[in-house]
Amino acid sequence: MSKGPSILEARNLQVRKGGVLILDIPALQIEEGELLSFIGPNGAGKSTLLQTLASLTKLSAGEIVFKGDQVTADHGNFSYRRRLSMVFQDPLLFDTTVFENVASGLRIRGLKREEINRIVGENLERFGIRHLLQRSARKISGGEAQRVALARAFATQPEILFLDEPFASLDPPTRESLLTDLEAILRQTGTTTLMATHDRMEALRFSDRIAVMGQGKIFQIESPYEVMNHPIDAFVASFVGVETILEGTVVKADQGSFLTLVGEKKIEAVGEIGLGDRVTLCIRPENVILAVTPVHQPTSARNVFPGVVEKVVPMGLYYKVQLQCGFPLVAYITTHSLDHLKLEEGKEVIASFKATSIYMVKKREKIKPAV
């Protein structure tokens, strides 16, 4: 991925709280114009990293470099912070009108009234809230308040936009509407954007790159395709939606394919690996096909196992089916498929998945976070 020259770098960045190291980023480089999302569980360090890069949290060690110039360590210099905007989960609006909220950053910068009126109007229009111009910020909905916060952020034409879980508290329809509008605006403006989110689908939708975080470290940072389909370890795999993670020993390896013994079952996958190696097999649930026993359609899949349905979990637009095939296996199916196969707990099925759909991670004694 190459969007442009580096706009922001972190070098040997560390943050300690109460003597405990809560953030440790040896190196991070953000290219101008890219959309980079940080995902990970609660406590992973996503918000701390964003706030540190935005000079809202003081460094314990390391440095931040913006366009080749070092940002001072004492919470960042004023000129740097004026070139950024940040939007939080809570919109943090002032107790005044929508217009005054969006105009606040422009007034601080000393713009003339005519220019302020023009810029505020353009950004209210951009986010579809011009009709709220004179409305009190206390008398608008949560979705409208977040649109005001975003309009305020864009009004100052930031060189970097920081988004810290900005959609987490919104209901699904409101969230989808705002996501659609913001996605179009980001692509139109080309604003460099760093976003922290729990939602991997949100990250997939927006990002040029995704960084998976845990324990204050970045474990993997690559394109959405690479992170989702080639996770570096079991931790990353579990967080990006791999529902089946199996550990086993390679019992046969020949010309780019191998057999792994998992329990008493042999699973075929592709890749270069040595006989006797310990591996982790990652199988995404959308790659598992189910059929009812004893009659099932012929398949080209190398891995075909009889199994029993242990649990069927509704997931909104689809169902998650948990199976026992001599090893645990998870599949996603549609409502139509559930009805057609008449799946329920205790039902016998045939599960199949291709050798090429498995991602293999070779086991290491200790997995170190990636930079």
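I began with one pair: Asp-181 and Arg-147 join their side chains in a salt bridge, 2.9 Å from N to O. Asp-181 belongs to helix α6 (residues 172–189) and Arg-147 to helix α5 (residues 142–155), so this pair ties together parts 34 residues apart in sequence. I note that the model is a predicted one.

Next I looked up accessibility for both partners. Asp-181 is partly exposed at 28% relative accessibility. Arg-147 has a relative accessible area of 11% and counts as buried, because the cut-off for buried is under 20%.

I then turned to a second pair. Arg-175 and Asp-199 form a salt bridge, with their closest N and O atoms 3.1 Å apart. This pair links distant parts of the chain, 24 residues apart: Arg-175 is in helix α6, and Asp-199 is in the loop between β8 (192–197) and α7 (200–206). For Arg-175 I found 18% relative accessibility, which counts as buried. Asp-199, at 27%, counts as partly exposed.

My third pair was Arg-187 with Asp-208, a salt bridge whose closest N and O atoms are 3.8 Å apart. Arg-187 lies in helix α6 and Asp-208 in the loop between α7 and β9 (209–214), so parts 21 residues apart in sequence are tied together. Is Asp-208 buried or exposed? Asp-208 is buried, with a relative accessible area of 15%. Arg-187 has 41% and is partly exposed.

I also looked for salt bridges that share partners. Glu-9, Arg-11 and Glu-63 are joined by such bridges into one network.

Last, I noted the total: a search of the whole structure finds 20 salt bridges.

Key:
Residues numbered from 1 in each chain as written. Predicted model: local features only at pLDDT ≥ 70, side-chain atom pairs only at ≥ 80, totals over all residues. Heavy atoms only, no water. Salt bridge = Lys/Arg side-chain N within 4 Å of Asp/Glu carboxyl O. Helix = DSSP H or I, 4+ residues; strand = E, 2+ residues; numbered from the N terminus. Buried < 20%, exposed > 50% of the residue type's maximum accessible area, 1.4 Å probe, protein only.
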